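Let's look at a protein together and ask how each label in its description is earned. Bring your curiosity!

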Amino acid sequence: MNLSARTGARPKRLAGVAMAVLALVPLAAMAAAPTKRQLAQIEAQLRKHVTTLSSDEYGGREPGTPGETLTLRYLAREWFDIGLESGTNEPGNAWFAPVELVEREPQGSRAQFLHSKRRVAVADTSTFVVTSGLRSLIENAPLIYVGRNSGGDGARTELAGRVAVILDSEAPPAESGKPGAAPAAVRPVDRAGLLLASGAAAVLTVLDGDRTLEDVMARRRRAGYALSGERLGGDIEVFLAPDAARQLLAAAGAPDLAGLKAAGAVPGFSAKALGITGSFEATNRETRIKTHNLIGKIEGRRPGSGAVVLMAHWDHFGTCAEAPAEKQICPGAVDNASGLSVITEVARLLSAGKPMDRDVYLVATTGEELGLLGALAFAENPPVPLGSVVAAFNVDSSGLVPAGLPVSVIGQGMTPLDPGIAKVLKTMKRKLASGDAANAFARRQDSWALMQHDVPSVMVSTSYSDPARLEAFMDNVYHRPTDDASRVVYGGMVDDVLVQTELVRFFADAKVWPATGPTSSQVAGAK
């Protein structure tokens, strides 16, 4: 993708006759609420973007496909015409920041068990071995039952070189973060990951609970994704059907599953050797995907005063249904052509208005659907030091609700941005949704990746303020071919454009929001 003919010096603002929408008055300069005509102009632009980006021509916007090329060319041209300049700060990669992804799909799985150097025959259909690396192998490692332990520094000695055996029925209660958190916020405890991190050579899970081997295989046979260069490999997870586990324990003269479970429930239980050794091998097929983040910038008038980031992911799943389904492309209109449209129209208003103190970076990220990978790539190779980013706002799945709903903050209570956001909403006479139910989605969107790098980052939207509509979308439309342009509700999207514009203006003002964070009096006095 090359826009070399359009990536030179910063362009001049377009005359009003070139694009009528640039006649929109910047919100900060409005003496009153925007007029119906101004709102209609914003909505018309949003409709155009969503309709284009979610069309069949774009093929579901899958990274590394022609759909990516079409998507990034469209957005780059829109941003260039609005008046943005490249924000990569790399002349050799203007606008498009390269991101390389690694896709790994399970290919081979082998398990062998010995007792007293004699093989204990277990059907291949009773085991499943996986790894994150290309190939991982361990041989003749002793199996130890660890009960309900999840590792830790004190367990490293007893786990080193051994296979930690756990029972799926002993899974600890899921973590919900806070009492009363929404169901979507509940996260299963990754015992296998904790035990591997504590030095176990492998983890073997006996599926004696609700999960079956078929359930695990259906999920874990899907391709996994990571950033190129991320350390992968060496870890092995083994899943064993309960009948095969009983067979192994009986051959070794070890307690049966009920006996192990009873022993493991005793306080102070220490890991127990089972008299069995295991050899395990797992292989993956690797594919590398060359993709890009798109980064634009509105230059501030006070260099060195910090930056504000506004982001939305551009990627989706491409084809997500098979014949004979009538619709096979996942168009991703709400998720996330809507978010791209919102940040584009915010950029139009900001670029046409009064210059801001701070630089504002617009980022369209790749690989969000594969694990927030584009946002992680941005955080690991940012165009400006992350410590200079005073605030970052993500926009995802904006087109769900009509105008006038309260505004939710996904990440409320997790960053120092709350008082500034509350001040902006109060000035706009917008209601802030009560409670933190929307935080159920905090880990599922790009601002979380930045938050893990200590960037104050949240998602602010009206879409998460109507639980019934949100639940209906998640249950019936989300990540399906039915997420098309006809499903998008534009009233709430227009609201999100207005709110995001004022949020960026507020946090881009070095006087009302200093780089070190404001005092309470500064927030209270901000206009």
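Here are some questions and answers about this predicted model.

Q: What makes Cys-320 and Cys-330 a disulfide?
A: Their sulfur atoms lie 2.0 Å apart. A disulfide requires sulfur atoms within 2.5 Å, so Cys-320 and Cys-330 qualify. A search of the whole structure finds 1 disulfide.

Q: Why is the disulfide of Cys-320 and Cys-330 called right-handed?
A: The torsion about its S-S bond is about 85°, and so the disulfide is given that name.

Q: How do you know whether Cys-320 is buried, partly exposed or exposed?
A: Cys-320 has 31% relative accessibility. Buried means under 20% and exposed means over 50%, with partly exposed in between, so Cys-320 counts as partly exposed.

Q: And is its partner Cys-330 buried or exposed?
A: Cys-330 comes out at 0% relative accessibility, which is under the 20% cut-off, so Cys-330 counts as buried.

Q: Why are helices H1 and H8 called oblique to each other?
A: H1 (residues 36-53) and H8 pack at an angle of about 140°, with their axes 9 Å apart. Roughly antiparallel would need an angle over 145 degrees, and roughly perpendicular covers 65 to 115. The angle of H1 and H8 fits neither, so the two helices are oblique. H1 passes H8 in a right-handed crossing.

Q: Which residues make the contact between H1 and H8?
A: Among them are Ile-42, Leu-46 and Val-50 of H1, together with Ala-337, Leu-340 and Thr-344 of H8.

Q: What is unusual to look for at Leu-372, in terms of phi?
A: Leu-372 has a positive phi of about 60° although it is not a glycine. Leu-372 sits in the loop between strand E12 (359-365) and helix H9 (373-380). At 10% relative accessibility, under the 20% limit, Leu-372 counts as buried.

Q: Is Lys-429 buried or exposed?
A: Lys-429 has 75% relative accessibility, which is over 50%, so Lys-429 counts as exposed. Its phi is near 60°, a positive value in a residue other than glycine. Lys-429 lies in the loop between helix H10 (418-427) and helix H11 (447-451).

Q: Where is the cis peptide bond to Pro-324, and what is its omega?
A: This bond runs from Ala-323 to Pro-324, with omega near 15°. Pro-324 is found in the loop between E11 and H8.

Note on methods:
Residues are numbered from 1 along each chain as its sequence is written. This is a predicted model: local features need pLDDT of at least 70, side-chain atom pairs count only at pLDDT 80 or more; totals for chains, interfaces and linings use all residues. Side-chain values use heavy atoms; hydrogens and water are left out. Buried means under 20% relative accessible area, exposed over 50%, partly exposed in between (1.4 Å probe, protein chains only). Axes are lines fitted to C-alpha atoms, for helices over the stretch in contact, and angles run from 0 to 180 degrees between N-to-C directions. Helices (H or I, at least four residues) and strands (E, at least two) are DSSP runs, numbered from the N terminus. Angles under 35 degrees count as roughly parallel, over 145 as roughly antiparallel, 65 to 115 as roughly perpendicular and the rest as oblique. A crossing is left-handed if the near helix is turned anticlockwise from the far one by less than a right angle, and right-handed if clockwise. Contact means heavy atoms within 4.5 Å.
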